[in-house]
Structures are given as structure tokens and as C-alpha cells.
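Here are a few notes from a read through the model. Have it open while you go through them.

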Protein chains: 2
Amino acid sequence: MLENITVVFVEPKTAGNIGFMARAMKNFGLKKLILINPCKLSKEAYYHAVHAKDIIKNSKVYESLNKMLEKENINLLVGTSGVVAGDRNIERISVTPEYLAENIQKNTAILFGREDHGLYSHELRMCDLILTIPTSKEYPIMNVSHAAAVIFYELFKKMEDTCEIEKEIASYKEKELLKKEINEVVSKLDMPIHKKRNAIKVFKNIIGRSFLTKKEFHVLMGIFRSIKRNI
Amino acid sequence: MLENITVVFVEPKTAGNIGFMARAMKNFGLKKLILINPCKLSKEAYYHAVHAKDIIKNSKVYESLNKMLEKENINLLVGTSGVVAGDRNIERISVTPEYLAENIQKNTAILFGREDHGLYSHELRMCDLILTIPTSKEYPIMNVSHAAAVIFYELFKKMEDTCEIEKEIASYKEKELLKKEINEVVSKLDMPIHKKRNAIKVFKNIIGRSFLTKKEFHVLMGIFRSIKRNI
């Protein structure tokens with residue numbers, strides 16, 4: 001799905017930023033880069049791309065946004081803008097990266113603007129959606145490749161939700177066994193009963209909060225069994 | 001709340017990246033920057049900071065991470081790493097930016113490593129938590145300020161819709177004391193050395209992940225002291 005999204009960098013002024021953009025794309029599984037009337041693709045671009053040089057090599061160049069729209073098969077055109085407008089400005093109601101992630105379509109193109117002036121108004125008007133990252137009101141204008149990284153991250157996260165990094169988490173029963181073992185250790189200790197009760201509660205709390213893996217469960221079982229034998 | 005978070009950039013090699021870091025911080029309302037043994041703060045830093053020059057001007061410099069931990073009041077030390085480890089590797093179970101955002105504490109410090117080598121293993125081992133951004137497996141290593149922007153974005157987003165109830169959290173120093181106490185208990189046990197090492201790591205992990213309150217810290221100290229006496 002992410003491979004289906006096209007990143008369009010409109011009139012980038014420095015080759016380094018093309019490199020940063022390519023790297024951020026590859027970090028989140030995006031592949032298709034289009035450059036509109038870019039600066040010269042000097043070695044700076046490849047330097048900052050690090051392991052994403054292939055994305056620059058495979059990028060396409062168009063002289064204008066209109067030419068690009070004629071040739072490419074785009075369903076949803078998304079513009080990005082750091083300037084948040086209230087709902088009074090009908091033209092510039094913007095959505096969040098989360099919203100885009102939830103509503104992403106096949107053949108979506110995301111436009112990023114010039115480093116200094118972003119996308120012009122007439123370019124934003126061409127878009128189906130305007131995307132704005134929630135930021136501090138004090139300083140809402142982000143570096144273009146930072147903004148790109150945040151948006152790609154949000155898209156990637158949504159896609160990933162279906163295939164989480166699987167950690168083998170200890171089961172409810174295993175955690176019950178562990179708490180039982182800890183309770184036995186605590187009961188053997190020479191201390192007032194209310195302190196023992198508190199201790200049992202605290203162990204229960206931290207086991208609950210720390211999302212124990214199975215491996216960690218086994219290690220802790222071993223240690224408390226050993227403590228029991230050694231008391 | 002975000003103003004309370006400290007960003008620690010460990011041995012940055014290029015001034016430009018310090019500027020990018022400062023800008024990303026200001027975009028999301030963070031203010032406190034600490035530099036550990038940084039490169040020279042040349043004009044490149046201020047150039048790339050754009051409207052976040054104040055953050056660089058107000059940054060503090062320490063010669064080492066240990067010196068910083070002595071002087072600063074840190075409760076939760078979070079390391080960042082692009083290398084994801086599975087749950088078999090006890091040392092490197094990592095959490096997502098979302099998890100951190102949901103569990104952020106007063107006086108949290110987030111460490112970012114060198115542009116080339118990131119944080120070293122011994123630095124990651126000092127941390128309560130390791131934070132890893134979900135990325136493409138093909139190219140998981142992000143540019144440091146891109147990673148920072150993604151993490152700050154996630155924290156900002158969460159702060160926007162919550163205004164946390166403040167809990168009195170155990171300090172870094174208190175957690176160190178607790179780990180020392182636990183290590184002493186474990187060292188007294190009759191079990192193979194590699195199992196002892198694993199046990200110490202697991203305790204470290206769950207203490208890091210469970211956001212101990214001061215009250216819980218005292219209860220656990222009491223219980224491990226008692227175990228020590230009773231072994």
C-alpha cells in the first residue's frame with residue numbers, strides 16, 4: 001500500500017533536502033518520488049540519502065505540477081502546509097496526518113513545497129485535501145523533510161497496525177503463577193503484616209504495568225524460586 | 001508538561017544537526033536542550049535552527065552523561081535506538097513513541113545519539129526505557145533529527161488531548177539504589193552466574209518500564225532489604 005503512494009517534492013532548492021526526503025521515504029517503506037522543476041541533483045542529494053540512493057535514482061522529474069498530473073495516475077492529491085487556517089477559510093481547512101492515514105486511497109500523491117515558501121496558494125487549491133501537522137502555535141513551520149518524516153511515520157504506523165511487531169507477552173495465568181511465587185517469598189519474610197500486604201500490592205502493580213514477556217516471566221520465576229529456597 | 005522534558009543530544013558531530021534538533025523541539029513546544037561533549041557550536045547550528053536559536057543559546061553543555069545525571073534532576077531516562085530487538089534479547093526490549101507519550105513523566109530526559117553510531121550499548125544500558133520508532137525493516141536507521149521530530153510530534157499530540165494527573169515518580173537515583181539492592185540479593189543466591197545476570201537485567205527492565213512511584217520505591221526497598229537479611 002505504501003509503495004503505491006507518490007511523494008511529490010515541488011521545486012526543491014537544495015539537493016541535500018532531496019536526499020533527506022528520500023531517506024525519510026525509505027525509512028517508512030515509500031518508494032515513488034517525483035520532483036517538480038528541481039534544483040540540480042548534485043552529490044549532496046546522494047550523500048544525505050545514505051541508503052536511499054535508489055529512490056533518487058528512480059525518481060521522475062516533471063517541469064510542472066500540471067504536466068505531472070497529465071501523465072501520472074493520481075486519485076487523491078494531498079497538499080501539505082504548515083500554516084493552519086481556521087474553519088472560516090473554506091479553502092484551507094486542513095486534516096491531520098492521522099486523518100490521512102485512516103483515509104488513504106490507492107494512488108495518492110502527497111505534495112511537499114519549497115523549503116522557503118512551501119506550496120503556493122494556487123497549488124494548494126489544486127489539492128483534494130490539505131494536510132497540516134499539529135504543532136506549537138509559537139513556531140508552526142517545520143523543516144520540509146521533518147514534516148515528511150512525521151507524515152510518513154503516521155501512514156506507516158497505520159499500515160503496520162495489522163502486522164504489529166510481535167512480542168510474546170506473558171499470559172494472565174503465567175502472571176498469576178509469578179504473583180503466587182512472590183507472595184510465598186514475602187510471606188516467609190520477617191516483617192509486619194501490613195508491610196507484607198503493601199509489598200504484594202506493589203509487585204502486582206509493576207507486573208501489571210510492565211507488559212512482561214514470556215522470557216522475562218521465566219527469569220523472574222527462577223529468581224523467586226531461588227529466593228524461596230535460600231530463605 | 002512538554003517544557004519539562006529535556007532533550008539530550010549525545011556527542012553531536014555536526015553543528016547543523018544541533019540546529020535541526022532545536023528547530024524540531026520548538027515546533028513541538030520543547031525547550032530544554034542539553035549537549036554532551038558536542039562539536040563546536042558554529043554558525044551552521046544557528047542557521048538551521050531558523051526561529052529556534054533561543055533553544056541553542058539556552059542549552060547546557062556537559063562533558064559526559066554521568067556528569068549530566070549528577071547535576072540534573074531526572075526521573076525517567078529514555079534512550080533512542082533504531083535497532084529493534086526481539087523479545088529474546090532481554091537488554092533491548094523497546095517501546096514505541098506512543099507508549100512513551102502515554103506514560104510520560106515529569107523530568108523525563110530523552111537521549112539522542114551520535115549521527116553515525118547512535119548511543120553506545122553502555123549508554124543504552126543506563127536508560128530506564130529504550131524507544132524505537134516503528135520503521136521499514138529494509139532501512140530502519142533514521143536521520144537523528146527526523147527521529148526526534150517524530151518522537152516530539154507524538155508527545156505533542158498526546159499532550160494536546162490530555163492533561164495528566166501528576167504522580168510522584170521515583171527519581172533516577174532512587175531507581176539506581178533499588179537496582180543495587182536487588183543486585184545484592186541476586187548475588188547471594190545459589191544459581192549459575194548467567195541466570196543471575198539475566199535476573200538483574202529483567203529487574204532493570206521492569207523497573208524501567210513500570211514508572212515506579214516514590215511510594216512503590218520505598219516498599220520495594222523494604223522488601224529487598226528484608227530478603228537480604230533473611231537469606
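**Notes on the A/B interface and a few local spots**

1. Let's start with the polar side of the interface, keeping in mind that this is a predicted model. Between chain B and chain A, 23 residue pairs are found in polar contact, with both partners at pLDDT 80 or more. On the chain B side, the elements that give two or more residues to the surface touching chain A are helices H1 (15-27), H5 (97-102), H7 (144-161), H8 (172-188), H9 (193-209) and H10 (214-230). H10(B) gives the most, with 10 residues. By residue type, that side of chain B divides into 36 nonpolar, 15 polar and 15 charged.

2. Now the overall extent of the interface. Contacts involve 66 residues of chain B and 61 residues of chain A. About 5700 Å² is buried between chain B and chain A, with 65% of it on carbon and sulfur atoms.

3. Salt bridges come up too: the rule finds 8 of them across the interface of chain B and chain A. If you want one to look at, try A:Glu98 with B:Lys157, whose side chains meet at 3.0 Å, N to O.

4. H10 of chain A, residues 214-230, is worth a look. Its 17 residues should span 24 Å at 1.5 Å a residue, and the end C-alpha atoms are 24 Å apart, so the two agree. Buried residues in H10(A) include A:Phe217, A:Leu220, A:Met221, A:Phe224 and A:Ile227, and also A:Glu216 and A:Ser226. What do the buried residues of H10(A) pack against? They pack against H8 (172-188) and H9 (193-209) of chain A, together with H8, H9 and H10 of chain B.

5. Over in chain B, the same kind of check can be run on H9(B). With 17 residues at 1.5 Å each, H9(B) should span 24 Å; the end C-alpha atoms are 25 Å apart, which agrees. Among the buried residues of H9(B) are B:Val202, B:Phe203, B:Ile206 and B:Ile207, along with B:Lys196 and B:Arg209. Just after H9(B), B:Phe211 takes a positive phi of about 50°.

6. Last, a loop residue: B:Asn107 sits between H5 and strand S5 (108-112) of chain B. Is B:Asn107 buried or exposed? Its relative accessibility is 14%, under the 20% cut-off, so B:Asn107 counts as buried. Leaving aside residues up to four places away in sequence, B:Asn107 touches B:Asn4, B:Asn73, B:Ile74, B:Asn75 and B:Leu76.

Note on methods
Residues numbered from 1 in each chain as written. Chains lettered and ligands numbered in written order. Predicted model: local features only at pLDDT ≥ 70, side-chain atom pairs only at ≥ 80, totals over all residues. Heavy atoms only, no water. Contact = heavy atoms within 4.5 Å. Buried area = accessible area lost by both parts, 1.4 Å probe. Salt bridge = Lys/Arg side-chain N within 4 Å of Asp/Glu carboxyl O. Polar contact = N/O pair within 3.5 Å; in protein donor to acceptor, adjacent residues only side chain to side chain. Helix = DSSP H or I, 4+ residues; strand = E, 2+ residues; numbered from the N terminus. Nonpolar A, V, L, I, M, F, W, Y, C, P; charged D, E, K, R; others polar. Expected span 1.5 Å × (residues − 1). Buried < 20%, exposed > 50% of the residue type's maximum accessible area, 1.4 Å probe, protein only.
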